[in-house]
Amino acid sequence: MPLRSSLLAVLVAVVWGVNFVVIDLGLGDMPPTLFVALRFLVVLVPAIFLVPRPRARWRDVLLVGTFMSLGQFGLLYTALALGMPAGLASLVLQAQVGLTVLFAAAALREVPTRAQLLGVLVGAAGLVVVGVGRSASTPALAFVVTLAAAASWAVGNVVARRAGRRDQGSPSADQGSPSADQGSPSADRSSPSRPGLDGLSMTVWSALVVPVPMLGLSLALDGPDAVGHALTHLTLAPVLSTLYTAWLASLVGYGIWNTLLARYPASAVVPFTMLVPPVGMLAAWVVLDEVPNAAELAGGAVLLLGVATTTGVLRRRPPRGELTPHAPDAEPGVVAPRAAEPGDDPGFGEPRDDRAGSGSPGATRARSR
């Protein structure tokens, strides 16, 4: 990629890495489930009035939102509130890469390659080292909840991939049903997919499933008095945190990411997500004074090695002059038959079955973020 595009990819990785620290800072004055509701309310408004509905069935949109946004970030915010260090969370959440490979194999019959299986095993070993050697200040429950957030993200990846395959194989899947896009060029199923717009559309519209359930859960867990007090006594930290996570990490970060994926092979773009955990841990060290112990650093290195193996970052490059196929439109966080793509915030392009590149919160989707 040109230098400017590479710098943009680094910028997105930095934004997504710092996102974990920003969330942790905002949680000091806000119940976690209410905080998630506010974040995705800001993602929705006013974007939902400006971005067309994604070219996918409503059931797929709702399922993606349920697992990628509602499940992933509800669990992640809860884990941080329970005492999970922000830097360590940015690392452990990368377990979604290996989990996506396994879930895709079970649900989509996408047989993983030997390299992917090796990467899953190496990543699992790194997680065990991190889990066993974590500092005494990291509660076991918070660690498990973070793994559950990674699993929810992985399920969302598989749902998004299945939706993309269905859309590719059945161009008329949505014909006969009302669509906000009917009569516009974006409604033409024969036109090329535009991942920057389609992915952003899915990010925004799938957020519809988040605010009301999270608000209801907060009312049930924290009580109406606590919710009312938090909403009527907003401090600067949760406000700035919400704006950062919703606008910068989700909308801006995801928009840049999918634009890069539309222009360059996924194998050239996706490896930049490997920067997210180091940035997250460094930011947590500087801002929150979170210093990882030796076991966490060693286990984290093994986990990232597994992620690199699974996503194909370590694969042999073709000889000079040999042409490599251009990866079709891809999304952070989704695994193709031969590649996984980690991200931070939820992002949903329209993945294709023949992607040749290697493949995050959020990956993606963001995602958190």
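Helices (H or I, at least four residues) are DSSP runs numbered from the N terminus, as are strands (E, at least two). The structure is a predicted model, in which local features need pLDDT of at least 70 and side-chain atom pairs count only at pLDDT 80 or more, whereas totals for chains, interfaces and linings use all residues. Residues are numbered from 1 along each chain as its sequence is written, and side-chain values use heavy atoms, with hydrogens and water left out.

**Stop 1: Leu63**

Select Leu63, which lies in helix 3; this helix comprises residues 58-82. Leu63 has a relative accessible area of 27% and is therefore partly exposed (buried means under 20% relative accessible area, exposed over 50%, partly exposed in between, with a 1.4 Å probe and protein chains only). Next, display Val159 and Arg162, both of which Leu63 touches when residues up to four places away in sequence are not counted (contact means heavy atoms within 4.5 Å). Add Val155: its C-alpha is 9.4 Å from that of Leu63, although 92 residues separate the two in sequence.

**Stop 2: helix 1 against helix 3**

Keep helix 3 in view and select helix 1, residues 3-26. The axes of helix 1 and helix 3 come within 10 Å and cross at roughly 65 degrees (axes are lines fitted to C-alpha atoms, for helices over the stretch in contact, and angles run from 0 to 180 degrees between N-to-C directions). Phe20, Ile23 and Asp24 of helix 1 form this contact with Leu76, Tyr77 and Leu80 of helix 3. By class, these residues are five nonpolar, no polar and one charged (Ala, Val, Leu, Ile, Met, Phe, Trp, Tyr, Cys and Pro count as nonpolar, Asp, Glu, Lys and Arg as charged, and the others, Gly among them, as polar).

**Stop 3: helix 1 against helix 13**

Replace helix 3 with helix 13, residues 276-288. Helix 1 and helix 13 pack at an angle of about 40 degrees, with their axes 8 Å apart. The two helices are therefore oblique to each other (angles under 35 degrees count as roughly parallel, over 145 as roughly antiparallel, 65 to 115 as roughly perpendicular and the rest as oblique). Residues to highlight include Trp16, Gly17 and Phe20 in helix 1 and Gly280, Ala283 and Ala284 in helix 13. The residues of this contact divide into 13 nonpolar, two polar and one charged.

**Stop 4: Thr245**

Finally, select Thr245 in helix 11, residues 236-263. Is Thr245 buried or exposed? Thr245 counts as buried, because its relative accessibility is 1%. Its side chain reaches the backbone oxygen of Thr242 at 3.1 Å.

Note on methods:
Polar contact = N/O pair within 3.5 Å; in protein donor to acceptor, adjacent residues only side chain to side chain.
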